[in-house]
Amino acid sequence: MADVTIALTLDTIAPPFDLAVSLDGVEYGVRVQYNARDAAWFLSLRDAAGSLLVGSQPMIESFPLLSRHKATATGMPQGDLYLQGSTLIYREAAA
């Protein structure tokens, strides 16, 4: 299956925005928010029931955003999210 790409509008004065995305056939809620104090973007991930899986993960270019949370959170996608410019890319786990 192909990577999932999620185009973002990264506007530092815009309020946080929420997206519903399907990763590995499972629905997740993604919130992208800018923090002016840190001058950085942050990502939060919720499962379909609204339970927080990842809270305020700094969005670092080309860094696997979900990997460090997989050991402590259940219900995580098998693959990982990466920030490339203004696009989130979900790469499925290798079979």
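Two residues are in contact here when heavy atoms of theirs lie within 4.5 Å. With that idea in hand, you can start at serine 44: setting aside neighbours within four places in sequence, serine 44 is in contact with Gly29, Val30, Arg31, Leu52, Val54, Gly55 and Ser56. Keep in mind as you explore that this is a predicted model. The protein chain has seven strands and zero helices, and the points below move from the whole chain to a few residues worth finding on screen.

**The chain as a whole**

- Reading along the sequence, you meet the pattern β-β-β-β-β-β-β.
- The C-alpha trace spans about 40 × 25 × 20 Å along its principal axes.
- The radius of gyration of the protein chain is 13 Å, which agrees with the value near 12 Å for a compact globule of 95 residues.
- Of the 95 residues, 33% count as buried.
- Among contacts with a separation of 6 or more, 26% come from residues 24 or more positions apart.

**Surface and charge**

- The accessible surface of the protein chain comes to about 5,500 Å², and carbon and sulfur atoms hold 52% of that surface.
- There are 6 positive and 10 negative side chains, and the centres of these two sets lie 8 Å apart.

**Serine 44 and its surroundings**

- You will find serine 44 in strand E4, which covers residues 40-46.
- Serine 44 counts as buried because its relative accessible area is 16%, and the cut-off for buried is under 20%.
- The side chain of serine 44 reaches the backbone nitrogen of serine 56 at 3.0 Å.

**Arginine 31, a partner of serine 44**

- Arginine 31 lies in strand E3, residues 26-35.
- With a relative accessible area of 33%, arginine 31 is partly exposed.
- Beyond its neighbours within four places in sequence, arginine 31 is in contact with Pro16, Phe17, Asp18, Phe42, Leu43 and Ser44.
- Look for the polar contact of 2.8 Å that joins the side chains of arginine 31 and aspartate 18.
- Arginine 31 and proline 16 are 15 residues apart in sequence, while their C-alpha atoms are 6.7 Å apart in space.

**Two loop residues with a positive phi**

- Aspartate 24 is not a glycine, although it has a positive phi of about 60°.
- Aspartate 24 is found in the loop between strand E2 (17-23) and E3, and it is partly exposed with a relative accessible area of 36%.
- Alanine 39 is not a glycine either, and its phi is positive at about 50°.
- Alanine 39 has its place in the loop between E3 and E4.
- Alanine 39 counts as exposed because its relative accessibility is 53%, and exposed means over 50%.

**Leucine 65, a buried loop residue**

- Is leucine 65 buried or exposed? At 0% relative accessibility, leucine 65 counts as buried.
- Leucine 65 lies in the loop between strand E5 (52-58) and strand E6 (80-84).
- Not counting residues up to four places away in sequence, leucine 65 touches Gln57, Pro58, Met59, Ile60, Asp80, Leu81, Leu83 and Leu88.
- Leucine 65 and glycine 85 are 20 residues apart in sequence and 14 Å apart in space, C-alpha to C-alpha.

Key: Residues numbered from 1 in each chain as written. Predicted model: local features only at pLDDT ≥ 70, side-chain atom pairs only at ≥ 80, totals over all residues. Heavy atoms only, no water. Helix = DSSP H or I, 4+ residues; strand = E, 2+ residues; numbered from the N terminus. Buried < 20%, exposed > 50% of the residue type's maximum accessible area, 1.4 Å probe, protein only. Polar contact = N/O pair within 3.5 Å; in protein donor to acceptor, adjacent residues only side chain to side chain. Rg over C-alpha atoms; globule rule 2.2 N^0.38 Å. Areas by Shrake-Rupley, 256 points an atom, 1.4 Å probe, with all protein chains shown as cover. Lys, Arg positive; Asp, Glu negative; His and termini not counted. Charge placed at Lys NZ, Arg CZ, Asp CG, Glu CD.
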